Amino acid sequence: MEAEAARGEMGRFAPGLPKISDGQQLFVLNGLAKLANKGKMAIIQNGSPLFSGDAGSGPSNIRQYILENDWLDCIIQLSTDMFMNTGISTYIWVLSKDKPAHRAGKVQLIDASHCFEPRRKSIGTKRNDITDACRELIVTAYGEFANGKVYGNKNGIYCESKVFESVEFGYNKIVVERPQRDEAGNVILKRGKPVPDTSLRDTENVPLVQDIDAYFAREVLPYAPDAWIDHSKTKVGYEIPMTRYFYEYQAPEAVEDIVARITALEQDISAGLAELFHKEG
């Protein structure tokens, strides 16, 4: 793999290599290398290729390579318990080297984690099926390419579609420095410049669609007026946090309801114990 990556654009793994323990992205790069100029492919993966790896790492660089070439068309999140040997969520990556004009520069995310029907009899860890009705909902969502639309019944079987600009998945990881100070609280200088205190070093992920300096002035300087950015350490990263995009706030249960439920349980336990000891007596 390393020898192939060293070939650069002449090989299949030019953008980088994932960690040794997870080679899923190598299958994606291999497929893209063999895909015709107007080809389209789909591959099933777990959640790791969506977000694993920091800015500048192999996994992040692979996502950057795919997104900046505008080859990622759609990602579909399936339900858990969909396959025999794993209960975790899985994702279908749809990649295309010839997107139609209305999909160019965009990525569709479809949350189909609620689009399944339980099997009457499980096969290992496979407890859920995608039925014809489920498949039709997903295919319709993909075909319509709508943003923020729900297909099906939210109280039952449904999927939800959202559309993003490819650049929205990218960010600049900046290194924020703070100065060392002496015992009197004065900033320590070297050649006229503040010496950074590594114990105070921090990082910030700034969306690519935002200006770094404006973000820094708004989000950092009000809390650390002596901070600065070490621009030489800025790295570009890409991630696709599907869970965050489809998160829906669920209001916690009211305190009164919790107390009432606990009280009822205590009364039920007390009644059971009283009956038990009465019988023994």
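Below are three short exercises on a predicted model, each with a worked solution. Local features need pLDDT of at least 70, and side-chain atom pairs count only at pLDDT 80 or more, while totals for chains, interfaces and linings use all residues. Residues are numbered from 1 along each chain as its sequence is written, and side-chain values use heavy atoms, with hydrogens and water left out.

**Exercise 1. Check the span of helix H5 against its expected value.**

- Helices (H or I, at least four residues) are DSSP runs, numbered from the N terminus.
- H5 covers residues 132–144, which is 13 residues.
- The expected span is 1.5 Å times one less than the number of residues.
- That gives 18 Å for H5.
- The end C-alpha atoms are 18 Å apart, so the two values agree.

**Exercise 2. Find which residues of H5 are buried and which are exposed.**

- Buried means under 20% relative accessible area, exposed over 50%, and partly exposed in between (1.4 Å probe, protein chains only).
- Cys134, Ile138, Ala141 and Tyr142 are buried in H5.
- They cover an arc (directions from the helix axis to the C-beta atoms) of only 100 degrees, which puts them on the same side of H5.
- An α-helix has 3.6 residues a turn, so residues three or four places apart point the same way.
- Asp132, Glu136, Val139 and Gly143 are exposed on the other side of H5.

**Exercise 3. Why is there no bond between Cys115 and Cys134?**

- A disulfide is a pair of cysteine sulfur atoms within 2.5 Å.
- The sulfur of Cys115 has its closest cysteine sulfur in Cys134, at 4.3 Å, too far for a bond.
- The structure holds 0 disulfides.
- Cys115 is buried, at 1% relative accessible area.
- Cys134 is buried too, at 0%.

Conventions:
Helix = DSSP H or I, 4+ residues; strand = E, 2+ residues; numbered from the N terminus.
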